[in-house]
Amino acid sequence: MHHIPAVIVGAGQAGLAMSRCLDHHQIHHVVLERGRIAERWRSERWDSLRLLTPNWMNQFPDWSYQGDDPDGFMTAAEYATSLEQYANSFSAPVITGAAVQAVRRVPGGYRVESNNGTWHARSVVIATGHCDVPLVPEMARHLPDSICQLTPTTYGNPAELPDGGVLVVGASASGVQLADEIQRSGRQVTISVSRHTRLPRHYRGRDIMQWLHCYGILEDEAITADELETARSLPSIQLIGRPEHATLDLAVLRDIGVRLVGRVAGIRAGVLRLNRNLTEAIAGSHARLDRLLTRIDVFADAVGAPAEPHPGPFAVDESPTTLNLAENGIRTVIWATGFRRNYSWLHVPVLDASGEIIHTRGVTPASGLYVTGLRFQRQRDASFISAVNGDAIELAEHIQRQLTTAPGIAA
Ligand SMILES: Cc1cc2nc3c(=O)[nH]c(=O)nc-3n(C[C@H](O)[C@H](O)[C@H](O)COP(=O)(O)OP(=O)(O)OC[C@H]3O[C@@H](n4cnc5c(N)ncnc54)[C@H](O)[C@@H]3O)c2cc1C
């Protein structure tokens with residue numbers, strides 16, 4: 001068993017940012033990664049994916065984009081390479097191929113067991129990602145065996161799909177991007193829509209992320225527990241990073257022929273029961289968009305940005321109440337219904353009833369155990385690449401204090 005002050009689990013951007021910040025405090029540590037650095041960007045993203053955050057926004061501690069296209073959008077492979085370069089830039093102590101299989105409290109800290117060694121650490125930082133395991137609803141098992149079921153982590157490109165139509169369930173960033181790509185490849189796509197967040201790519205002369213990031217809108221801090229719960233359950237925004245900076249929302253999908261239906265409420269013998277929530281969901285997202293743009297208008301007016309009308313509401317027919325997959329020629333269902341976290345390896349009592357880690361700004365109730373990279377960890381943008389930096393800086397300071405003031409942790 002190796003003895004070390006700190007172990008970080010996961011070498012995505014959150015784990016690497018944490019590693020850099022522990023370096024600043026000269027805290028000896030290792031980063032245990034089950035695959036390769038940035039594994040999710042190498043093996044769990046579809047072929048055409050580009051980041052939806054512009055290059056200038058993807059920053060880590062002591063690292064910022066140095067290329068000649070700050071307003072562009074990296075491919076997943078380019079982003080994985082940049083994370084690898086970042087790790088190399090400070091010789092991050094990453095041990096690849098080390099899947100953590102158990103973390104337990106032991107006298108003086110934690111025992112971290114991986115398939116590539118065991119560590120005793122006084123501090124453990126969990127950085128295994130907010131988008132950990134696709135959240136596929138229970139009802140998926142009622143689909144007939146003849147239907148090919150995928151998630152955004154197993155979808156590659158339209159050519160790999162069986163012939164026939166495709167149902168995409170979920171209209172967040174992944175859902176709308178897949179629906180757009182597959183419809184444009186010549187197949188009929190149906191998208192099942194529930195609560196979602198619509199955004200234009202460009203507004204009043206700037207990329208929307210510039211308004212959201214530079215004027216602190218993404219940095220709204222969580223105040224009450226209720227606000228936190230609501231914020232953490234919000235679907236991701238409908239946005240796409242394309243070289244031509246195009247907007248992608250349900251109005252665009254409707255215009256290219258995608259069929260919009262309501263939320264899937266149940267499945268029986270190849271027939272889906274649908275909620276009649278479509279017009280309400282679209283009106284709700286339009287109202288949220290309007291509120292957000294009104295907030296941006298205050299800053300835009302102050303800097304004299306050219307005026308631009310808010311995108312208008314758009315009309316759709318209300319959803320049918322059923323969808324017969326065979327009658328509609330649908331052979332593939334893609335569940336773009338979000339992610340859950342799997343902490344089955346974490347044998348420390350810090351999980352709530354829904355299996356999420358209980359924490360305040362990344363500090364769990366178990367002394368010496370931390371989590372980073374979760375959605376709305378401290379502020380609204382915490383699941384964005386740029387936001388983990390503040391979390392990592394704050395947690396590293398906490399760990400430094402913990403290591404100097406608590407010589408050992410009671411089991
Ligand atoms: C399709 C998609 C597109 C996205 N696009 C953007 C975008 O454009 N811009 C943006 O800001 N955000 C985007 N996000 C959000 C994005 O996931 C986060 O911003 C960020 O990449 C998460 O980094 P992370 O380090 O927290 O987690 P991850 O990148 O998920 O890294 C976690 C790491 O932990 C490892 N791991 C997991 N379990 C174990 C274990 N038991 N033992 C050892 N290692 C383990 C994994 O292999 C992985 O390498 C996107 C998310 C998805 C799903």
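The exchange below examines strand pairing, salt bridges and burial in a predicted model.

Me: What makes β10 and β15 paired strands?
Reply: Two strands pair if at least two bridges are found between them. Strand β10 (residues 189-192) and β15 are joined in the parallel sense over three bridges, so the criterion of at least two is met. Within this pairing, S192 stands opposite V261 in β15.

Me: Why are β8 and β15 said to stand at the edges of the sheet?
Reply: The open sheet has five strands in the order β8-β19-β9-β10-β15, with parallel pairing. β8 (148-150) and β15 (259-261) each have a single partner strand, so one side of each is left without a neighbour in the sheet. From one strand to the next, the twist averages 20°.

Me: Which strands does helix α4 lie across, and at what angle to β10 does the helix run?
Reply: Helix α4 (residues 173-184) lies across β9 (165-169), β10 and β19 (330-335). Its angle to β10 is about 170°, on a scale that runs from 0 to 180 degrees between N-to-C directions.

Me: Why is the contact between D180 and R184 called a salt bridge?
Reply: The term requires a side-chain nitrogen of Lys or Arg within 4 Å of a carboxyl oxygen of Asp or Glu. For D180 and R184 the N to O distance is 2.9 Å, so the pair qualifies. Both residues belong to helix α4 and, being four residues apart, are separated by about one helical turn.

Me: Why is D180 called buried or exposed, and R184 likewise?
Reply: Buried means under 20% relative accessible area, and exposed means over 50%. D180, at 3%, therefore counts as buried, whereas R184, at 52%, is exposed.

Me: What makes the contact between R242 and D180 a link between distant parts of the chain?
Reply: R242 lies in the loop between β14 (237-238) and α7 (250-255), while D180 is in helix α4, 62 residues apart. Their side chains meet in a salt bridge at 2.2 Å, N to O. R242 is buried, as is D180.

Me: How do you know that E113 and R104 form a salt bridge, and why is R104 called partly exposed?
Reply: The N to O distance between E113 and R104 is 3.6 Å, which falls within 4 Å, so the pair satisfies the definition. R104 has a relative accessible area of 34%; this value lies between the 20% and 50% limits, so partly exposed is the term that applies.

Me: How many salt bridges does a search of the whole structure find?
Reply: The search finds 20 salt bridges.

Definitions and conventions:
Residues are numbered from 1 along each chain as its sequence is written. This is a predicted model: local features need pLDDT of at least 70, side-chain atom pairs count only at pLDDT 80 or more; totals for chains, interfaces and linings use all residues. Side-chain values use heavy atoms; hydrogens and water are left out. Helices (H or I, at least four residues) and strands (E, at least two) are DSSP runs, numbered from the N terminus. Contact means heavy atoms within 4.5 Å. Buried means under 20% relative accessible area, exposed over 50%, partly exposed in between (1.4 Å probe, protein chains only).
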